[in-house]
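Colleague: Could you walk me through the charged and polar side chains here, and take a close look at how they pair up? I would be glad of some context on the helices, loops and pockets around them too.

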Amino acid sequence: MANPRIRQYRKAAEAMKDGQFRVEIPVGGRDEIGRLGEALAELGRSLEARFGELAMLYSITEKINAGLVLDEVLDYVYDSLRPIVPYDRIGFSLLDEGGKVVRARWARSDAADMKIPSGYEARMEGSSLQRVMETGRPRILNDLEAYLRDHPQSESTRKIVEEGMRASLTCPLIAKGKPIGFMFFSSMKPHAYENVHVELFMQIAGQLAIIVEKGRLYQQLIELNEMKNKFLGIAAHDLRSPIAVVKSYLSLLLKNYLGEISDEQREVMKSMNTACQTMLTLIDDLLDVSAIESGRLDLRPQEVDVAEYLRNSHAANSLLARAKSIQLELDLDPELPRVVMDPDRVNQVVNNLITNAIKFSHPETAITVRARPLADGVEISVSDQGQGIPEEEIPKIFAPFVRSSVRPTGGEKSTGLGLAIAKRMVEAHGGRLTVKSKVGEGSTFTFTLPLRSPVNAPEK
């Protein structure tokens, strides 16, 4: 007859397989079966501890992958790891000056006075840290006072001992095979790291090395974007002046101020003048994009009668619509309020939406500019009976330099910047620009403006 303990051990093993590590295991008796029970109970305790470590590591990994801010992740590590690893201090240092210097980047300690704050640095050459990095393995010092007696020249060890630490574990940080720094765990208890799982510390350090690399790449992207905006602004500004001069001279020539010109010369100069105007429009758009992306967009709000403002805009664009045999209609609510806005910037929005509607509409159709009051502002829309925009392209049309697959009906040119600028201009006023469109039926672009601009006070 089988020993009943065997049956209980089998049930315990099956429970552990399902993740239930705290199961009742009879361990009485000094025979082989009793010793098997003791070993099984110890295995349960070990698996429970290891499972807890892995769950914590998974949680840290999720936190790291979700964020870019290194300090927040390190604070989370400091507050979360205590159940599975011993420490009273964690330090985080990065290599600098081409790997010649290690500089403290972040630290937290339970000690009253932290002796190695952020910014503390030491040379790598000839140091014990250099050997740690060369081996790629952690260094454990379970008796820091004894180590200091043997290495009295180690300033960092002296400082950490003065802080009250008596044991340390140093992990190298390596990202994509490249050494980037160190993570230091320290404890006020001697021999705190005699029985730790070094692999767990290495996994934590490896995950933190990932966020450091992510942070560096993110910072590089920011710097490259700023450099791009600066270059774009300088290049556009430097191009604008000579093109404006050429256009001015062409205007003088076309008005015969510098003498008579032939009909053939006039046609050539008209083409040149049109090309110059196209270039100036593109340059102005580039300057606006540069100002928007660099945060230098200057708004000059003033109180505006929206109804009168839209009547003027309608009149200015009616001629352009009539040239394509398109009817430009105006539908204004009689209760439109006065709004604080930058009239020049909003004019860019309205003109862009109207000219786009004209550009993509067929002759003998209508475009309607509508405005109605809201509880806290106004809503302005431009609707056409044009070709419409494919549904899958709508999410992309407000991005810079993006053009839809819909082609202008009169062969007009487009830079792909107008809608991107319009969206940013509206958002700068605290409003929102949206679109509804259906292929074959037309599009409606709608934007809102609050009663008062969120930036600056109105000009007096």
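Modeller: In helix α11, which spans residues 418–428, the buried residues are Gly418, Leu419, Ala420, Ile421, Ala422, Met425 and Val426. Just past the end of α11, Gly430 adopts a positive phi of about 90 degrees. Please keep in mind that this is a predicted model, so every value here is a computed one.

A little further along the chain comes Ser443, in strand β13 (residues 442–450). Ser443 has a relative accessible area of 6%, which makes it buried. Its side chain makes a polar contact of 2.6 Å with the side chain of Ser437.

Now to the charges you asked about. Side chains of opposite charge can pair when their charged atoms come close. Searching the whole structure turns up 18 salt bridges, and I will go through a few of them.

Let me begin with Glu163 and Arg89, whose side chains form a salt bridge with an N to O distance of 2.7 Å. Glu163 sits in the loop between α6 (155–162) and β5 (167–175), while Arg89 belongs to strand β1 (residues 89–96), so this pair ties together parts that are 74 residues apart in sequence. Glu163 counts as buried because its relative accessibility is 6%. Arg89 is buried as well, at a relative accessible area of 4%.

The loop between α6 and β5 takes part in another pairing: Glu145 and Arg166 meet through their side chains in a salt bridge of 3.5 Å, N to O. Here Glu145 comes from helix α5 (residues 144–150) and Arg166 from the loop between α6 and β5, so the link ties together parts that are 21 residues apart in sequence. Glu145 has a relative accessibility of 36%, so it counts as partly exposed.

A pair within one helix is Lys270 and Glu267, with the closest N and O atoms of their salt bridge 4.0 Å apart. If you filter on distance, note that this pair sits right at the cut-off, because a salt bridge needs the nitrogen within 4 Å of a carboxyl oxygen. Both residues lie in helix α8 (residues 263–293), 3 residues apart, which is about one turn of the helix. Lys270 is partly exposed, with a relative accessible area of 41%, and Glu267 is also partly exposed, at 47% relative accessibility.

Beyond these pairs there is a network: salt bridges link Asp96, Glu97, Arg103, Glu121 and Arg123. Asp96 is in strand β1, and at 34% relative accessibility it counts as partly exposed. The C-alpha atom of Asp96 is 8.7 Å from that of Gly181, although the two residues are 85 positions apart along the chain. Glu97, another member of the network, lies in the loop between β1 and β2 (101–109). Glu97 is partly exposed too, with a relative accessible area of 42%.

The backbone at Glu97 deserves a look. Most residues other than glycine have a negative phi. Glu97, however, has a positive phi of about 55 degrees without being a glycine. Asn256 is another non-glycine residue with a positive phi, near 65 degrees. Asn256 is placed in the loop between α7 (198–254) and α8, and its relative accessibility of 27% makes it partly exposed.

What about a buried charge that has no salt bridge? Asp342 is such a case: it is buried, and the nearest side chain of opposite charge, that of Arg345, is 4.5 Å away. That distance falls outside the limit, because a salt bridge requires the atoms to be within 4 Å. Asp342 occupies the loop between β9 (338–341) and α10 (343–359). Its side chain does find backbone partners: it reaches the backbone nitrogen of Arg300 at 2.8 Å, and one of its polar atoms lies 3.0 Å from the backbone nitrogen of Asp344.

Finally, on to the pockets. The second largest pocket has a volume of about 670 Å³. It is lined by 34 residues, and those closest to its centre are Leu129, Ser154, Ser156, Thr157 and Phe184. Sorted by class, the lining of this second largest pocket holds 15 nonpolar, 13 polar and 6 charged residues.

Notes: Residues are numbered from 1 along each chain as its sequence is written. This is a predicted model: local features need pLDDT of at least 70, side-chain atom pairs count only at pLDDT 80 or more; totals for chains, interfaces and linings use all residues. Side-chain values use heavy atoms; hydrogens and water are left out. On a 1 Å grid over the protein atoms alone, a cavity is a set of points where a 1.4 Å probe fits but cannot get out, and a pocket is an open set with protein on both sides within 12 Å along at least five of seven lines; lining residues have an atom within 4 Å of a point. Grid points are joined across faces, edges and corners, and a volume is the space filled by probe spheres set on the points. Ala, Val, Leu, Ile, Met, Phe, Trp, Tyr, Cys and Pro count as nonpolar, Asp, Glu, Lys and Arg as charged, and the others, Gly among them, as polar. Helices (H or I, at least four residues) and strands (E, at least two) are DSSP runs, numbered from the N terminus. Buried means under 20% relative accessible area, exposed over 50%, partly exposed in between (1.4 Å probe, protein chains only). Lys and Arg count as positive and Asp and Glu as negative; His and the chain ends are not counted. A polar contact is a pair of N or O atoms within 3.5 Å; within protein, one must be able to donate a hydrogen and the other to accept it, and residues adjacent in sequence count only if both atoms are side-chain atoms.
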